[in-house]
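Grab a coffee and open your viewer. Here are some exercises to work through, each with a solution you can check against the coordinates.

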Amino acid sequence: MRRPFRPRPARPSRDFFRSGLRWKISAAIAVVSALVALALSLVVHNAARVSMINSTRDVQDERVQSALRIYESTGRLVFYARLDDPALPKELKAYAAKGQRATYVQDRRGEPASVWASTPVSHGHVLSLRATFTDRYSVLGDLDRTLTVGSLAVVVGGTALGVLIGGRMSRRLRLAAIAARKVADGDPRVRVREAIGGRRVRDETDELARAVDAMADALQLRLEAERRVTADIAHELRTPVTGLVTAAELLPPGRPAELVRDRVRALRTLVEDVLEVARLDGAAEQADLQEIDLGDFVRRRVRTLAPDAKVLVTENAVVQTDPRRLERILGNLLANATRHGEPSTEVVVDGPFVRVRDHGPGFPAELLREGPSRFRTGTPSRSAPGHGLGLTIAAGQARVLGARLTFRNAAAADGGGAVAQLLLPGGPR
């Protein structure tokens with residue numbers, strides 16, 4: 001029973017961590033640049049403010065001394081000095097009571113900072129000056145604007161640099177992934193280091209490419225050794241099997257002779273299939289391309305290979321392909337559909353697509369997940385007909401043709417069954 005589809009809620013954090021390397025590096029550089037710019041801006045702003053306040057305190061201290069001298073000599077108050085100012089902070093009153101001159105910064109929330117300077121005068125009076133820090137705030141405002149512009153420039157420049165560096169690295173990794181997929185598909189000529197331009201740039205990506213190429217070479221040597229052993233064994237078996245076929249034909253008529261001839265024919269078919277698989281694994285096969293009318297070709301071949309199968313041409317196409325190899329693929333797909341599916345088999349030609357469908361239980365989950373595997377028939381019974389090489393040979397022949405062979409199961413609502421689809425390269429334009 002199928003479970004109803006329930007859309008999952010979006011997860012932005014996971015989606016971010018699954019995003020490309022370029023954007024991760026760019027985001028990291030942007031965040032670090034913003035933090036560094038913010039920290040430096042705060043340090044510069046505070047340092048400039050402290051420097052301006054200290055400078056103002058020094059000026060106020062000099063002015064209060066000058067005002068004291070003028071007051072004591074002339075009795076006049078200059079520089080807007082005041083005697084016993086009621087707004088004088090209590091800290092300065094305490095210093096004046098001790099007979100000390102002092103400065104004080106009064107910084108109230110929501111009000112400009114004020115710089116006070118006071119000095120004791122005869123008869124217990126206190127002479128004080130007060131300067132508001134308003135004029136210096138315009139300078140700090142200009143400084144803050146400059147720091148903001150500079151910080152934005154640093155963040156934008158760092159992000160652009162991250163996009164450039166991350167894009168280059170991401171592109172090299174993407175090219176490496178594409179080349180690795182080609183190697184996994186069996187192309188022995190592809191090398192990851194050449195695909196990413198490792199001869200020009202030496203970095204960790206180049207080291208990874210070297211390691212992948214070394215692994216591919218080692219696997220290729222091992223596979224080639226296994227293929228050679230398999231081909232040699234199958235080749236050596238051809239002579240005795242041919243002799244067995246000849247001897248079986250000479251047996252007197254009867255049920256035992258029919259059983260022997262049937263098993264000998266099956267053995268000969270197995271040997272020929274193993275040899276074909278070994279040749280396809282060697283990646284030395286070349287297609288003899290010809291221009292054919294796909295719809296007419298499929299009709300004639302299906303009439304011979306599976307007379308009971310239905311052929312439907314929804315859109316005809318003219319393609320460049322190897323007729324012999326295409327017939328081999330079509331024959332193996334039809335044989336698999338007839339062997340494992342219901343009697344009703346359908347072949348549909350839709351442009352460059354050729355689909356073979358049965359109405360049986362469908363392909364096993366292992367085949368859909370891993371692709372065709374040798375000697376896996378899809379049925380647990382050892383007595384079932386076939387050797388599990390048909391789909392493997394079809395996939396190998398499709399690779400030689402430059403075609404794409406895929407497998408899926410039809411939906412239960414559409415009647416179920418296994419669907420093998422062959423996509424042939426396009427014909428002449």
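The exercises below go from the whole chain down to single residues. One thing to keep in mind throughout: this is a predicted model.

**Exercise 1. Work out how many helices and strands the protein chain has, and what share of its residues is buried.**

Solution.
- Start with secondary structure: the protein chain has 11 helices and 11 strands.
- Next, burial: of its 429 residues, 33% are buried.
- Then look at the surface, where the accessible area is about 27100 Å² and carbon and sulfur atoms hold 56% of that.
- Finally, take the contacts with a separation of 6 or more: 62% of them link residues 24 or more positions apart.

**Exercise 2. Find the residues that touch the most other members of the largest nonpolar core, and say which element gives this core its largest share.**

Solution.
- A bit of background first: in soluble globular proteins, nonpolar side chains tend to be buried together.
- The largest nonpolar core has 32 residues, and the ones touching the most other members are Leu294, Val298, Leu333, Leu334, Phe407, Leu422 and Leu424.
- Now map the core onto elements: those giving two or more residues include helices H8 (294–305), H9 (323–340) and H11 (390–401), along with strands S8 (346–350), S9 (353–357), S10 (404–409) and S11 (418–423).
- H9 gives the largest share, with six residues.
- Zoom in on Val298: leaving out residues up to four places away in sequence, Val298 touches Val311, Leu330, Val347, Val349 and Val354.
- Don't stop there, though: another core of nine residues lies apart from this one, with Val64, Leu68, Ala81 and Leu127 among its members.

**Exercise 3. Decide whether Arg301 is buried or exposed, and find the partner of its side chain in a polar contact.**

Solution.
- Place the residue: Arg301 sits in helix H8.
- Arg301 has a relative accessible area of 19%, so it counts as buried, given that the cut-off is under 20%.
- Its side chain makes a polar contact with the side chain of Glu327, at 3.3 Å.
- Beyond neighbours within four places in sequence, Arg301 is in contact with Glu327 and Leu330.

**Exercise 4. Do the same for Asp85: locate it, classify its burial and find which backbone nitrogen lies 3.0 Å from its side chain.**

Solution.
- Asp85 belongs to the loop between strand S1 (82–83) and helix H3 (90–97).
- Its relative accessibility is 8%, so Asp85 is buried.
- A polar atom of the Asp85 side chain lies 3.0 Å from the backbone nitrogen of Ala87.
- Setting aside neighbours within four places, the contacts of Asp85 are with Trp116 and Ser128.

**Exercise 5. Head to the surface: list the residues of the nonpolar patch and name the helix that supplies its largest share.**

Solution.
- The patch consists of Leu161, Leu164, Ile165, Met169, Leu173 and Leu208, which together have about 520 Å² of accessible area.
- Five of the residues come from helix H4 (residues 134–184), the largest share.
- Take Met169 as a test case: this residue is in H4.
- With a relative accessible area of 33%, Met169 is partly exposed.

**Exercise 6. Find how far the C-alpha atom of Gln320 is from that of Ile292.**

Solution.
- Gln320 is in strand S7 (residues 318–321).
- Gln320 is partly exposed, at a relative accessible area of 30%.
- Along the chain, Gln320 and Ile292 are 28 residues apart, and their C-alpha atoms are separated by 6.5 Å.

Key
Residues are numbered from 1 along each chain as its sequence is written. This is a predicted model: local features need pLDDT of at least 70, side-chain atom pairs count only at pLDDT 80 or more; totals for chains, interfaces and linings use all residues. Side-chain values use heavy atoms; hydrogens and water are left out. Patches are made of residues with over 30% relative accessible area and no salt bridge: like charges are joined within 9 Å, nonpolar side chains (Val, Leu, Ile, Met, Phe, Trp, Tyr) within 5 Å. Accessible areas come from the Shrake-Rupley method with a 1.4 Å probe; for residues, only the protein chains shown count as cover. A salt bridge is a side-chain nitrogen of Lys or Arg within 4 Å of a carboxyl oxygen of Asp or Glu. Helices (H or I, at least four residues) and strands (E, at least two) are DSSP runs, numbered from the N terminus. Buried means under 20% relative accessible area, exposed over 50%, partly exposed in between (1.4 Å probe, protein chains only). A polar contact is a pair of N or O atoms within 3.5 Å; within protein, one must be able to donate a hydrogen and the other to accept it, and residues adjacent in sequence count only if both atoms are side-chain atoms. Contact means heavy atoms within 4.5 Å. A nonpolar core is a set of buried Ala, Val, Leu, Ile, Met, Phe, Trp, Tyr and Cys residues joined through side-chain atoms within 4.5 Å.
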